Amino acid sequence: MFERFSSSYFLGRLYVEPYDGAEAAIHRTEHERLNECVYTDGRGVERVDYPLVMKLDTAHFPVVGDDGVPSGTLALPRDAVDSDSLPDDRPVLLADAPRAAELLRYAGYDPDDLAPGGPDGDVPDRPDDRLA
């Protein structure tokens, strides 16, 4: 679904559509799987419910999991996007752990809630830079 794009981002394609939720969301199972691949380090019990950070065009969005969002879809609040250009299949960037922690702090998330093992934690290089 996502492949390494740069030192701070993975690139993937998602169907992007507006919806009535308050936060950007992807399907909960995909959210947990991406969270585990990007933010956890494999040591001990770790949370997989931290917001992901995705970038569409020039805007970053904290992304939560939602069972009501179809698989392969990024659902964005209607007031956050130009609904005239959506729905559409679009390239989407997914921030890696250090970049996500930085962006979430800018968005007002408490840094203490992000560590340890979350986006602010020490995440080792992964031998496979593809995220399913």
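## Close-up views of a predicted model

**View 1. Arg-90 and Asp-57 are joined by a salt bridge, with 2.5 Å between their closest N and O atoms.** Remember as you look that this model is predicted. Because Arg-90 belongs to strand E7 and Asp-57 to the loop between E4 and E5, this pair ties together parts 33 residues apart in sequence. Is each partner buried or exposed? Arg-90 counts as buried, at 13% relative accessibility, whereas Asp-57 is exposed, at 56%.

**View 2. Arg-4 and Asp-96 form another salt bridge, their closest N and O atoms being 3.5 Å apart.** Arg-4 sits in strand E1 and Asp-96 in the loop between E7 and H2, so parts 92 residues apart in sequence are tied together. Here Arg-4 is partly exposed, at 34%, and Asp-96 is buried, at 9%. If you enjoy hunting for such pairs, the whole structure holds six salt bridges.

**View 3. Helix H1 keeps its buried residues on one side.** Which residues of H1 are buried? They are Glu-30, His-31, Leu-34, Asn-35, Val-38 and Tyr-39. These residues lie on the same side of H1 because they cover an arc of only 130° around the axis. A helpful reminder: an α-helix has 3.6 residues a turn, so residues three or four places apart point the same way.

**View 4. Met-54 and Leu-74 touch the most other members of the largest nonpolar core, which has 29 residues.** Among the elements giving two or more residues to this core are helix H1, strand E4 and strand E6. Take a moment to explore around Met-54: its contacts beyond four places in sequence include Phe-2, Leu-14, Leu-34, Phe-61, Leu-74 and Val-92.

Methods:
Residues are numbered from 1 along each chain as its sequence is written. This is a predicted model: local features need pLDDT of at least 70, side-chain atom pairs count only at pLDDT 80 or more; totals for chains, interfaces and linings use all residues. Side-chain values use heavy atoms; hydrogens and water are left out. A nonpolar core is a set of buried Ala, Val, Leu, Ile, Met, Phe, Trp, Tyr and Cys residues joined through side-chain atoms within 4.5 Å. Buried means under 20% relative accessible area, exposed over 50%, partly exposed in between (1.4 Å probe, protein chains only). Helices (H or I, at least four residues) and strands (E, at least two) are DSSP runs, numbered from the N terminus. Contact means heavy atoms within 4.5 Å. The arc is that of the directions from the helix axis to the C-beta atoms. A salt bridge is a side-chain nitrogen of Lys or Arg within 4 Å of a carboxyl oxygen of Asp or Glu.
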